[in-house]
Amino acid sequence: LPIAVILMFLVIWNIISFDELKTDYKNPIDLCNSLNPLVMPEYGLQGFIALCYLYYVQYLGIVIMCPLALYHAYRYATRPRMSVLGIYDPTAVMNGDEMDRNKKEGFVKLALYLINFFAGLLWMILAVSN
């Protein structure tokens, strides 16, 4: 559960940052400097949760987290060539289509992490009650 909360915080930070870019409160370089260091921890935590669901054979978690882990691997493999770790390039992030895609991606990830959080909460309550 704490990992799910951390993932939700990271995604909300991502959504807020892209909204600030859209309203010109932040420039693309600052956005990429603040978001790129958070990409690998998010991917690592999410991959860890997916592996835990695979190990403990939790079908709902597998259905939610494994496709997302594969999407993260695809997204990182097709990222622009940069000298730093991360997926956001300052020259491409200001594109309107790219900005909208990143915001939609953030909302979808937030929904999946919320489902994961409440499913984990339900599993914890059921384990305590048995």
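The questions and answers below go through a predicted model of one chain.

User: How many helices and how many strands does the chain have?
Analyst: Read along the sequence, the elements of this predicted model follow the pattern α-α-α-α-α. No strand appears in that pattern. The count is five helices and zero strands.

User: What box do the C-alpha atoms of the chain fill?
Analyst: The box is taken along the principal axes of the chain. Its sides are roughly 55 × 25 × 20 Å.

User: What percentage of the residues of the chain count as buried, and what share of the exposed area do carbon and sulfur atoms supply?
Analyst: The chain has 130 residues, and 36% of them count as buried. The chain exposes about 7,700 Å². Of that area, the share from carbon and sulfur atoms is 71%.

User: Among contacts between residues at least 6 apart in sequence, what percentage join residues at least 24 apart?
Analyst: A contact here is a pair with heavy atoms within 4.5 Å. Among the contacts between residues at least 6 apart, the part that joins residues at least 24 apart is 70%.

User: How far apart lie the centres of the positive and negative side chains?
Analyst: The chain has 9 positive and 10 negative side chains. Each set has its own centre, and the distance between the two centres is 6 Å.

User: Which helix supplies the largest share of the largest nonpolar core?
Analyst: This core has 15 residues, and those with the most contacts inside it are M8, V11, I49, M65, L110 and Y113. At least two residues each come from α1, α2 (28-56), α3 (59-77) and α5 (96-129). The largest share is five residues, and it comes from α1.

User: How many residues are in the second, separate core?
Analyst: Residues of this second core include F18, L21, L35 and I87. The core is separate, and its number of residues is 11.

User: Which residues does I49 touch, leaving out residues up to four places away in sequence?
Analyst: I49 is among the residues with the most contacts inside the largest nonpolar core, as is M65. With residues up to four places away not counted, I49 touches I3, A4, L7, M65 and N116.

User: Why does the length of α1 agree with what is expected?
Analyst: Helix α1 has 21 residues, so at 1.5 Å a residue it should span 30 Å. The end C-alpha atoms of α1 lie apart by that expected value, 30 Å.

User: Which helices are included in what covers the buried residues of α1?
Analyst: The buried residues of α1 are A4, L7, M8, L10, V11, N14, I15, S17, F18 and L21. In a helix of this kind, residues three or four places apart point the same way, because there are 3.6 residues a turn. The cover over the buried residues of α1 includes α2, α4 (90-93) and α5.

User: Is W13 buried or partly exposed?
Analyst: W13 lies in helix α1 (residues 2-22). Its relative accessible area is 37%, and buried would require under 20%. W13 is therefore partly exposed.

User: Which residues is W13 in contact with, leaving aside its neighbours within four places in sequence?
Analyst: W13 and L35 are 22 residues apart in sequence, with their C-alpha atoms 8.4 Å apart in space. L35 is one of the contacts of W13. The contacts are S34, L35 and L38.

User: Which residue takes a positive phi just after α1?
Analyst: The phi in question is about 65 degrees. The residue that takes it is D24.

User: Which helices do the buried residues of α3 pack against?
Analyst: Helix α3 has 19 residues and reaches 27 Å from its first C-alpha to its last, close to the 27 Å expected. Its buried residues are G61, I64, M65, C66, L68, H72 and R75. They pack against α2 and α5.

User: Which residues does E105 touch, not counting residues up to four places away in sequence?
Analyst: E105 is found in helix α5. At 9% relative accessibility, E105 counts as buried. The residues it touches are Y71 and R75.

User: How far apart are the C-alpha atoms of D100 and K22?
Analyst: D100 is found in helix α5 and is partly exposed, with a relative accessible area of 34%. D100 and K22 are 78 residues apart along the chain. Their C-alpha atoms are separated by 9.3 Å.

How values were computed. Residues are numbered from 1 along each chain as its sequence is written. This is a predicted model: local features need pLDDT of at least 70, side-chain atom pairs count only at pLDDT 80 or more; totals for chains, interfaces and linings use all residues. Side-chain values use heavy atoms; hydrogens and water are left out. Helices (H or I, at least four residues) and strands (E, at least two) are DSSP runs, numbered from the N terminus. Buried means under 20% relative accessible area, exposed over 50%, partly exposed in between (1.4 Å probe, protein chains only). Accessible areas come from the Shrake-Rupley method with a 1.4 Å probe; for residues, only the protein chains shown count as cover. Lys and Arg count as positive and Asp and Glu as negative; His and the chain ends are not counted. The place of a charge is taken as NZ of Lys, CZ of Arg, CG of Asp or CD of Glu. A nonpolar core is a set of buried Ala, Val, Leu, Ile, Met, Phe, Trp, Tyr and Cys residues joined through side-chain atoms within 4.5 Å. The expected span of a helix is 1.5 Å times one less than its number of residues.
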